Each structure stands twice: as C-alpha cells, then as structure tokens.
Amino acid sequence: MNTELLSLFLPDGLLDYFTVTSIDKQQESFTIVLEEKNMIPVEYSGNKLVSKGFYEQVSIKDFP
C-alpha cells in the first residue's frame, strides 16, 4: 500500500499516529480503515503514563 500517495488525501500528520489497515472502493467512494498506533509521543517519553485504551470505532464522511 502506497502511504505516500494516500497521505495526499488525508490530513497532514495523520499517518504519524495511525496505520492504514485496509482500503475498500465502493461505487462512488472509498472506505479507509485506520488503526491508532499505541505509541508514546516524544514530549511525554519521560513521564509515567497509564493507558486507558482507545475510543470505539467512528465513521467520518468527507466530500470534496
């Protein structure tokens, strides 16, 4: 999967925090499934953090 090309269609920096798990083409649209990366931002690397898990899946519809 070419994430460089996909990054042209997604907001800047989104792929720094998410991994594309699948892309599905329908008749007039695409469904892009993203999975949040379980990573600690550099600015918080020295702190003790407790994971609270991730939010439930959401769907976002965007039109040109």
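This dialogue goes through a strand pair, a surface patch and two exposed residues in a predicted model.

Q: Where should I begin with the strands, and how do β1 and β2 run relative to each other, parallel or antiparallel?

A: Pairing is read from the bridges between two strands, with at least two bridges needed for a pair. Here strand β1, residues 18–25, is joined to β2 by seven bridges, and the two strands run antiparallel. The connection between β1 and β2 is a hairpin of four residues. As one example of the register, Ser-22 has Val-33 in β2 as its bridge partner.

Q: Which residues make the nonpolar surface patch, and which strand gives the largest share of the patch?

A: A patch of this kind gathers nonpolar side chains that lie within 5 Å of one another and have over 30% relative accessible area. In this model Ile-23, Phe-30, Ile-32 and Leu-34 form such a patch, with an area of about 330 Å². Strand β2, residues 30–36, supplies the largest share, namely three residues.

Q: Is Phe-30, which lies in strand β2, counted as buried or exposed?

A: The class follows from the relative accessible area, where exposed means over 50%. Phe-30 has a relative accessibility of 54%, and therefore counts as exposed.

Q: Where is Val-58 found, and how is Val-58 placed with respect to Val-33?

A: Position along the chain and separation in space are best read side by side. Val-58 belongs to the segment after β2, and Val-58 is exposed because its relative accessible area is 65%. Although Val-58 and Val-33 are 25 residues apart along the chain, their C-alpha atoms are separated by 9.9 Å.

Note on methods:
Residues are numbered from 1 along each chain as its sequence is written. This is a predicted model: local features need pLDDT of at least 70, side-chain atom pairs count only at pLDDT 80 or more; totals for chains, interfaces and linings use all residues. Side-chain values use heavy atoms; hydrogens and water are left out. Patches are made of residues with over 30% relative accessible area and no salt bridge: like charges are joined within 9 Å, nonpolar side chains (Val, Leu, Ile, Met, Phe, Trp, Tyr) within 5 Å. Accessible areas come from the Shrake-Rupley method with a 1.4 Å probe; for residues, only the protein chains shown count as cover. A salt bridge is a side-chain nitrogen of Lys or Arg within 4 Å of a carboxyl oxygen of Asp or Glu. Buried means under 20% relative accessible area, exposed over 50%, partly exposed in between (1.4 Å probe, protein chains only).
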